[in-house]
Amino acid sequence: MGRPGIDFPGFGCGLAIMRDGKLLLCKRLKAPEAGHWNIVGGKVDHMERSELAARREAEEESGLSIRSTRFLCLSEQLIEADRQHWISMIYVTDDFSGEPQLTEPDKLSDIGWYDLDALPQPLSRFAADAVRAIRVQTKALVDAN
């Protein structure tokens with residue numbers, strides 16, 4: 001059958017979790033993009049809606065309880081260094097409860113809140129796309145008011 005992202009483009013999801021203007025990021029230990037800072041997310045399972053997959057992945061990776069989400073952007077990652085190709089639906093939320101915890105220490109080495117103007121580096125392509133979309137939406141809201 002093959003491996004998603006490696007033998008054929010994989011379908012992924014992500015959730016940009018915001019609190020008080022800060023974005024929750026975690027540092028990856030494994031490919032793709034090991035050592036990069038990322039929003040929570042992962043692979044969408046067969047017959048699973050991407051929005052529900054993003055919520056599931058976020059809860060698994062952060063320990064937070066996610067209530068509602070909204071679509072943020074589509075991200076395509078061609079990661080030459082890891083020979084991986086992913087297409088991901090990214091959602092955003094500020095509607096959650098709990099405090100983030102490092103619940104998957106085998107996959108992630110750190111987790112925390114970061115101001116959009118002081119993000120740790122390097123960011124994964126996935127996270128960079130989410131940050132760009134958040135900035136575009138924020139600017140549109142400011143311009144509308």
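Me: Buried means under 20% relative accessible area. In this predicted model, why does W37 count as buried or exposed?

Reply: The relative accessibility of W37 is 6%. The cut-off for buried is under 20%, so W37 counts as buried.

Me: What makes W37 and Y114 an aromatic pair, and of which kind?

Reply: Their ring centres are 5.3 Å apart and their planes stand at 65°. Rings pair if their centres lie within 6.5 Å, and planes over 60 degrees apart count as edge-to-face. Both conditions are met, so this is an edge-to-face pair.

Me: Why can this pair be said to tie parts together?

Reply: W37 belongs to strand 3 (residues 37-38) and Y114 to strand 7 (residues 108-115), so the pair ties together parts that are 77 residues apart in sequence.

Me: How do you know whether F96 and W113 are stacked or edge-to-face?

Reply: The centres of these two rings lie 5.8 Å apart, with 25° between the planes. Planes under 30 degrees apart count as stacked, so the pair of F96 and W113 is stacked. F96 is in strand 6 and W113 in strand 7, so this pair joins parts 17 residues apart in sequence. Both F96 and W113 are buried. The structure holds three aromatic pairs, including these two.

Me: How do you know how many disulfides there are?

Reply: A search of the whole structure finds zero. A disulfide needs two cysteine sulfur atoms within 2.5 Å. For C13, the closest cysteine sulfur is that of C73, at 12 Å, which is too far for a bond. For C26, the closest is that of C13, at 12 Å, again too far.

Me: Why are C13 and C26 called buried or exposed?

Reply: C13 has a relative accessible area of 1%, and C26 has 1%. The limit is under 20%, so C13 is buried, and so is C26.

Me: What makes a group of residues a nonpolar core, and which members of the largest one touch the most others?

Reply: The members must be buried residues of certain types, joined through side-chain atoms within 4.5 Å. The largest core has 19 residues, and A16, L23, L25, I39 and L72 touch the most other members. Strand 1 (10-19), strand 2 (22-28), strand 5 (65-79), strand 6 (84-97) and helix 2 (125-144) each give two or more residues to this core. Helix 2 has the largest share, six residues. Apart from this core lies another, of 17 residues, among them L15, A54, A58 and F96.

Me: Why does A16 count as buried or exposed, and which residues is A16 in contact with?

Reply: A16 lies in strand 1. Its relative accessibility is 0%; that is under 20%, so A16 is buried. Neighbours within four places in sequence aside, the contacts of A16 are L23, I39, L72, Y91, V92, T93, A130 and I134. One of these, Y91, is 75 residues away in sequence, yet the C-alpha atoms of A16 and Y91 are 6.2 Å apart.

Me: What makes a residue part of a pocket lining, and which ones are closest to the centre of the largest pocket?

Reply: A lining residue has an atom within 4 Å of a point of the pocket. The largest pocket has 25 of them, with R28, P32, G41, G42 and K43 closest to its centre. Its volume is about 560 Å³. Elements that supply at least two lining residues include strand 4 (40-43) and helix 1 (50-62).

Methods. Residues numbered from 1 in each chain as written. Predicted model: local features only at pLDDT ≥ 70, side-chain atom pairs only at ≥ 80, totals over all residues. Heavy atoms only, no water. Buried < 20%, exposed > 50% of the residue type's maximum accessible area, 1.4 Å probe, protein only. Helix = DSSP H or I, 4+ residues; strand = E, 2+ residues; numbered from the N terminus. Phe/Tyr/Trp six-rings, centres within 6.5 Å; stacked < 30°, edge-to-face > 60°. 1 Å grid on protein atoms, 1.4 Å probe; cavity = no way out; pocket = protein on both sides within 12 Å on 5 of 7 lines; lining within 4 Å. Points joined across faces, edges and corners; volume = space filled by probe spheres on them. Contact = heavy atoms within 4.5 Å.
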